Amino acid sequence: MTEKVGVYICHCGSNIAGVIDVEGLAEWAGEHFEGVAVSRDYKFMCSSLGQELIEKDIKNEGLTRVVVGSCSPHLHEKTFRRTCANAGLNPYLFQMASLREQVSWVTADKSKADEKAKALIAGAVHRVQLQEELEPSEVPVNPNTLIVGGGIAGIQAALELADAGHHVYLVEREPSIGGHMAQFDKTFPTLDCAACILTPKMNDVGTHDNITILSYSEVEEVSGYVGNFKVKVRKKPRYVDPETCTGCGICWTECLTKRIPLPKLIMKGEISVGERRLGEI
Ligand SMILES: Cc1cc2nc3c(=O)[nH]c(=O)nc-3n(C[C@H](O)[C@H](O)[C@H](O)COP(=O)(O)OP(=O)(O)OC[C@H]3O[C@@H](n4cnc5c(N)ncnc54)[C@H](O)[C@@H]3O)c2cc1C
């Protein structure tokens, strides 16, 4: 089926029209491509009058595709998709060419700007004819959040997200959360006591129902996609049962992996330099 394409070139005040020959471009698009049924230029396509112009053409001329050459999709793609939908055209049968950000704002030479604008419009006209109708669909999203790094920034982010009702996994590679701030006495410039700010927050994180701390752990693999990521976290061995450990430190004296002095090892003839873990001998 041959498509009926409408091409609309926006002046954007003098933003585009001050550099590109917008009337000439609209005329060129109307004459140059077989599928183009309507080609117009207008002061502000995003204005309600500009949108009405497109809507009327879709209804009266039976347009099956729409191209707008204007600012950036970031700014007005949604606007023009809505315009198409209002006139009964599937909003994904619309294509935008960025004549402002990609041409007039960045091209001083007017003849080069005209050339580039034609290339963008040509690309959009060809592309839009290949586009297919789409329907938005809803997919379930996992609202859990992973935060990497349990410094003051990670701690605060975890608390705010957890208070907002999301479950947070806080991954910290060191044995304890706290980061740099845990090493300071006072903080510049207010000379507040660092521990007085940090420790209540560390405590809140540790006791919050919505926060799981994975300390002495590192992210090993991330897969999946926005809303449904899967993350593999490696927990490093602590050699103690964290559930029953009271932090008394008595086990240190008996620990098989602690470092021992060099001379003892040399006497055994095991190694000649440095030191070695007792557990490896
Ligand atoms: C010497 C020094 C003095 C400072 N003095 C002041 C001051 O007086 N006033 C002030 O306002 N600021 C000061 N700062 C800055 C302040 O420390 C930082 O702005 C603040 O602590 C940064 O917090 P953070 O959570 O972003 O990072 P950090 O405190 O660095 O925490 C990052 C955490 O992420 C963990 N981590 C990193 N990579 C990974 C990974 N791949 N996987 C898991 N965990 C990871 C780290 O182990 C760490 O616990 C100072 C900084 C330094 C270094």
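Here is a quick tour of the ligand shell, one helix pair, the nonpolar cores and a buried isoleucine. Keep in mind that this is a predicted model. The shell around the ligand counts 18 residues, and helix H7 supplies the largest share of them, three. Elsewhere, the largest nonpolar core takes in 39 residues, with helix H6 as its top contributor at six.

**Around the ligand**
- Gly149, Gly151, Ala153, Gly179 and Phe188 come nearest to the ligand, out of 18 residues around it.
- Two elements, helix H7 (152–163) and strand E6 (168–172), each give two or more residues to this shell.
- By type, the shell splits into seven nonpolar, seven polar and four charged residues.

**Ile155, a residue of H7**
- Ile155 sits in helix H7.
- Ile155 counts as buried because 26 other C-beta atoms lie within 10 Å, and the cut-off for that label is 20 or more.
- Setting aside neighbours within four places in sequence, Ile155 is in contact with Gly150, Ile177, Lys201, Met202 and Val205.
- Ile155 and Gly206 are 51 residues apart along the chain, yet their C-alpha atoms are separated by 9.9 Å.

**How H3 and H4 pack**
- For any such pair, two numbers do the describing: the angle between the helix axes and the distance between them.
- Here, the axes of helix H3 (residues 48–61) and helix H4 (residues 73–86) come within 9 Å and cross at roughly 40°.
- The H3–H4 crossing is right-handed.
- On the H3 side, Gln51, Ile54, Glu55 and Ile58 make the contact, and on the H4 side Thr83, Cys84 and Asn86 do.
- That contact is a mix of three nonpolar residues, three polar ones and one charged one.

**The nonpolar cores**
- In the 39-residue core, Val7, Ile20, Val66, Val67, Ile121 and Val125 touch the most other members.
- Both strands and helices feed this core with two or more residues each: the strands are E1 (5–10), E2 (36–42), E3 (65–70) and E4 (94–98), and the helices are H2 (22–32), H3, H4 and H6 (110–128).
- H6 gives the most to this core, with six residues.
- Ile20 touches Leu25, Leu99, Val103, Ser104, Ala113, Asp114 and Ala117, leaving out residues up to four places away in sequence.
- Apart from the largest core lies another one of 13 residues, including Ala162, Val171, Ile211 and Leu214.

Note on methods: Residues numbered from 1 in each chain as written. Predicted model: local features only at pLDDT ≥ 70, side-chain atom pairs only at ≥ 80, totals over all residues. Near = placed C-beta within 6 Å. Helix = DSSP H or I, 4+ residues; strand = E, 2+ residues; numbered from the N terminus. Nonpolar A, V, L, I, M, F, W, Y, C, P; charged D, E, K, R; others polar. Axes fitted to C-alpha atoms, helices over the stretch in contact; angles between N-to-C directions. Left-handed = near helix turned anticlockwise from the far one by under 90°. Contact = placed C-beta atoms within 7 Å. Buried ≥ 20, exposed ≤ 12 C-beta atoms within 10 Å, placed from the backbone. Core = buried A, V, L, I, M, F, W, Y, C linked by C-beta atoms within 7 Å.
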